[in-house]
Amino acid sequence: MLKYSIKRILLAIVSIFIIMAIAFFSMNAIPGGPFAKEKAPEPAVKAVLEKRFNLDKPVAEQFMLYVGNIFRGDFGISLKNGREISTTIFESFAISARLGGSSIILALVFGLLLGSIAALTRNKWPDQVIVFFTTLSVGMPSFVLGTLLLLVFSLTLKWVPAWSVNSQNYVLPIIALSLYPTAHITRLTKSSLLDVLGQDYIRTARAKGVSKKIVIIKHALRNALIPVVTYIGPLTAYSLTGSMVIETIFTIGGLGTKFVTGITNQDYPMIMGTTIFLAILMVIMTLISDLLYRAIDPRINFD
């Protein structure tokens, strides 16, 4: 277990470095720059700004300087507003975490519940209804769903106020963000549970007279959770950083919004800071989900 954990941590560090390199060099390959705008600064001012942010150096040297700063915990400052990138990221992440955490809980609760119902009522009307709605949810883009929810419940029915600084209602954004993962978890739970219910040890438990409830909860559902646990890692990173589309539709100033704004403004430090933060979060959550396998199924041997 310890050997496996150390190996995964080292691989995680390498993965983050590769992502950092790809993002940095791809970003610098885009035509234009952070100071290229309609009313460009004077050449002398532009030269001072480029020297201040090391943009006058070769790209490879810029990358090495940036990596060195990252190891010291310095994400740099924004090229647009001069704020510390780390401060902006953590302030924005607090909003995205509130939105994403609620959507994760909602997706897990309803996904496991609906998936179990669909598996236990296979080929019956509850299963058919659940399959219909999960298929519809998977195929519906998030920007379409978010727009429909905002149009129907906020503008037409006026049941839920639109999100604003004075009215921070997360109901519609949470629903829009959780619908796709709920459908995906439902399908994962159903297929995995159906596979487990056909195993020999389940038939043996039933033959011994173990109650149906215990067979499902203690034996079948627990072993059927492994595909869901695998999905929790990427789901957590995706949800906690917030969907860029959902945040834009509902005007929520989370981390996803800051990332989109950084790309629009070609704010290199902001783009790199949010990319690295997302990569670290993704790698950590994937590592945690891998290590949880052992707790769910003791038969798994990492060695």
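## Second largest pocket

The second largest pocket of this predicted model has a volume of about 310 Å³. Its lining comprises 17 residues. Those closest to the pocket centre are Leu-114, Phe-133, Ser-137, Leu-179 and Thr-182. Three elements each give two or more residues to the lining: α4 (85-120), α5 (125-139) and α7 (171-197).

The lining of this pocket holds twelve nonpolar residues and five polar ones. Charged residues are absent from the lining.

## Overall fold

The protein chain has 13 helices and zero strands. Read from the N terminus, its elements run α-α-α-α-α-α-α-α-α-α-α-α-α. The chain counts 303 residues, and buried residues make up 40% of them.

## Aromatic pairs

The model contains nine aromatic pairs. One of them joins Phe-24 and Phe-63. Their ring centres are 5.4 Å apart. The planes meet at 55 degrees, so this pair is tilted; an angle over 60 would count as edge-to-face. Phe-24 sits in helix α1 (residues 2-29), while Phe-63 belongs to helix α3 (residues 59-71). The pair therefore ties together parts that are 39 residues apart in sequence. Both partners have low accessibility values: Phe-24 is buried at 6% relative accessibility, and Phe-63 is buried with a relative accessible area of 5%.

Phe-90 and Phe-277 make another pair. Here the ring centres are 5.9 Å apart and the planes stand at 90 degrees, so the geometry is edge-to-face. Phe-90 is in helix α4 and Phe-277 in helix α13 (residues 268-296). This pair therefore links parts that lie 187 residues apart in sequence. Phe-277 has a relative accessible area of 15%, so this residue is buried.

## The aromatic cluster and helix α3

Phe-24 and Phe-63 also belong to an aromatic cluster. Its other members are Phe-17, Phe-25 and Tyr-66. Two cluster members, Phe-63 and Tyr-66, are among the buried residues of α3.

Helix α3 has 13 residues. From first C-alpha to last, α3 reaches 19 Å, close to the 18 Å expected at 1.5 Å a residue. Its buried residues are Gln-62, Phe-63, Tyr-66, Val-67 and Ile-70. Down the axis of α3 they fall within an arc of 135 degrees, so they line one face of the helix. Met-64 and Phe-71 are exposed on the other side of α3. After α3 comes Gly-73, with a positive phi near 80 degrees.

## Helix α9

Which residues of helix α9 (residues 212-224) are buried? They are Val-215, Ile-216, Ala-220, Asn-223 and Ala-224. Around the axis these residues cover an arc of only 115 degrees, which puts them on the same side of α9.

The face of α9 turned away from the buried side carries exposed residues. These are Lys-213, Ile-217 and Lys-218.

## A contact between distant parts of the chain

Tyr-4 lies in helix α1. At 19% relative accessibility Tyr-4 counts as buried, because the cut-off is under 20%. Along the chain, Tyr-4 and Leu-291 are 287 residues apart. Their C-alpha atoms are separated by 9.2 Å.

## Positive phi outside glycine

Most residues other than glycine have a negative phi. Two residues of this model are worth checking against that background. Asn-123 is not a glycine, yet has a positive phi of about 65 degrees. Its place is in the loop between α4 and α5. Asn-123 has 61% relative accessibility, so this residue counts as exposed.

Lys-158 is not a glycine either, and its phi is positive at about 55 degrees. Lys-158 lies in the loop between α6 (142-156) and α7. With 63% relative accessibility, Lys-158 counts as exposed.

How values were computed:
Residues are numbered from 1 along each chain as its sequence is written. This is a predicted model: local features need pLDDT of at least 70, side-chain atom pairs count only at pLDDT 80 or more; totals for chains, interfaces and linings use all residues. Side-chain values use heavy atoms; hydrogens and water are left out. On a 1 Å grid over the protein atoms alone, a cavity is a set of points where a 1.4 Å probe fits but cannot get out, and a pocket is an open set with protein on both sides within 12 Å along at least five of seven lines; lining residues have an atom within 4 Å of a point. Grid points are joined across faces, edges and corners, and a volume is the space filled by probe spheres set on the points. Helices (H or I, at least four residues) and strands (E, at least two) are DSSP runs, numbered from the N terminus. Ala, Val, Leu, Ile, Met, Phe, Trp, Tyr, Cys and Pro count as nonpolar, Asp, Glu, Lys and Arg as charged, and the others, Gly among them, as polar. Rings of Phe, Tyr and Trp (its six-membered ring) pair if their centres lie within 6.5 Å; planes under 30 degrees apart count as stacked, over 60 as edge-to-face and the rest as tilted. Buried means under 20% relative accessible area, exposed over 50%, partly exposed in between (1.4 Å probe, protein chains only). The expected span of a helix is 1.5 Å times one less than its number of residues. The arc is that of the directions from the helix axis to the C-beta atoms.
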